[in-house]
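Please work through the exercises below with the sequence and the model side by side. Try each task before reading its solution.

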Amino acid sequence: MTAPTKLPNSSPVPSAAPAGEELHTPVIAWFDAHARDLPWRRPEAGAWGVMVSEFMLQQTPVSRVLPVYEQWLARWPRPADLAAEAPGEAVRAWGRLGYPRRALRLHGAAVAITERHGGDVPSDHAQLLALPGIGEYTAAAVASFAYGQRHAVLDTNVRRVFARAVTGVQYPPNATTAAERRLARVLLPEDERTAARWAAASMELGALVCTAKNEDCHRCPIAAQCAWRLAGKPEHDGPPRRGQTYAGTDRQVRGKLLAVLREAHAPVPQAALDRVWHEPVQRARALDGLVADGLVEPLPGGLYRLPLS
């Protein structure tokens, strides 16, 4: 039996792992037949709609994003519309999506797009990457999904598909590795349009079929080639996967404090914030963190509000 080869800084890759071209056609065909009709995938969404969706979908399920996304685009159909508002309005409209710093970053990106690019989301990957609040993933996603360009788009779902289908392990590492990025580039189709379709299709496959739990191999278009399935689905033996705890955490306290400020359209006194959480030390720490992150603005007289600038 041939020994498995290794990618640097990665788990072993079985020598019989499927090549990119063996994956592209069935996964894209499956996507063409089964992709969800999501508003940011429609032509009328444009690059701004794609960008808004990418910010909102980070660590947040589609079902929670949809209503906020629709309201956001109805209110701010172009970056300049959002840029003209105070950043606190972005935080207010973000509602309970969680991780509200994303709202501030999206507002900052809208301001930069308006000032640097005449209000149009740039198509150039380097210009996207230079926008505030945009990292490698978001720049690649916007360039690929909005402009049909050839970029490796590595989110959690794609990483899991690649880990199983090619590397033969149940889960990818907790943080994206250089080896995963190299593998994604190796698997990327040469044709630009096909590459953009592959990026969307592999992401959808991870979201709907090759899920973190209860994967549905019977519905998978590449089950016959999947290295992990062919190996008997060995259990994950790497570092423990990070759980998503919320109850009792500073995140929960921050969310409760922000909820009071979102619902108020005037500065809020300290006493109103003190009522949201019983433990004063944790409450003060959470409030200090919100101020440090620019999500809350302290005013004289012990008042607080969402930021105006």
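The exercises that follow deal with helix packing, a small set of strands, and salt bridges.

The model is predicted, so local features need pLDDT of at least 70 and side-chain atom pairs count only at pLDDT 80 or more, while totals for chains, interfaces and linings use all residues. Residues are numbered from 1 along each chain as its sequence is written, and side-chain values use heavy atoms, with hydrogens and water left out.

**Exercise 1.** Describe how helix 2 and helix 8 pack, and name the residues that make the contact.

Solution. Two packed helices are described by the angle between their axes and the distance between the axes. Helices here are DSSP runs of H or I with at least four residues, and strands are runs of E with at least two, both numbered from the N terminus. Axes are lines fitted to C-alpha atoms, for helices over the stretch in contact, and angles run from 0 to 180 degrees between N-to-C directions. Helix 2 covers residues 46–57 and helix 8 covers residues 136–147; their axes are 9 Å apart and the packing angle is about 140°. On the helix 2 side the contact (heavy atoms within 4.5 Å) is made by A47, V50, M51, E54 and F55, and on the helix 8 side by Y137, T138, A141, V142, F145, A146 and Y147. Sorted by class, this contact of helix 2 with helix 8 has ten nonpolar residues, one polar and one charged.

**Exercise 2.** At what angle do helix 8 and helix 11 cross, and which residues touch?

Solution. The axes of helix 8 and helix 11 come within 8 Å and cross at roughly 120°. Helix 8 contributes Y137, S144 and F145 to the contact, and helix 11 contributes A196, A199, A200 and M203. By class, the contact of helix 8 with helix 11 has six nonpolar residues, one polar and no charged ones.

**Exercise 3.** In what order do the three strands of the open sheet lie, and which strands stand at the edges?

Solution. The strands follow the order 3-5-4, and their pairing is antiparallel; two strands pair if DSSP finds at least two bridges between them. Strand 3 (268–269) and strand 4 (297–299) stand at the edges, each with a single partner strand, so one side of each is left without a neighbour in the sheet. Strand 3 is joined by two bridges to strand 5 (residues 303–305), where Y304 is the bridge partner of V268.

**Exercise 4.** Examine the salt bridges of R36 with E204 and of D293 with R101, and state which parts of the chain each pair ties together.

Solution. Side chains of opposite charge can pair when their charged atoms come close. A salt bridge is a side-chain nitrogen of Lys or Arg within 4 Å of a carboxyl oxygen of Asp or Glu, and the structure holds 17 of them. R36 and E204 meet at 2.8 Å, N to O. R36 lies in the loop between helix 1 (20–34) and helix 2, and E204 in helix 11 (residues 192–208), so the pair ties together parts that are 168 residues apart in sequence. R36 is partly exposed, with a relative accessible area of 29%, whereas E204 is buried at 1%; buried means under 20%, exposed over 50%, and partly exposed in between (1.4 Å probe, protein chains only).

The side chains of D293 and R101 meet at 3.6 Å, N to O. D293 lies in the loop between helix 15 (280–292) and strand 4, and R101 in helix 6 (residues 101–117), so the pair ties together parts that are 192 residues apart in sequence.

Key:
Nonpolar A, V, L, I, M, F, W, Y, C, P; charged D, E, K, R; others polar.
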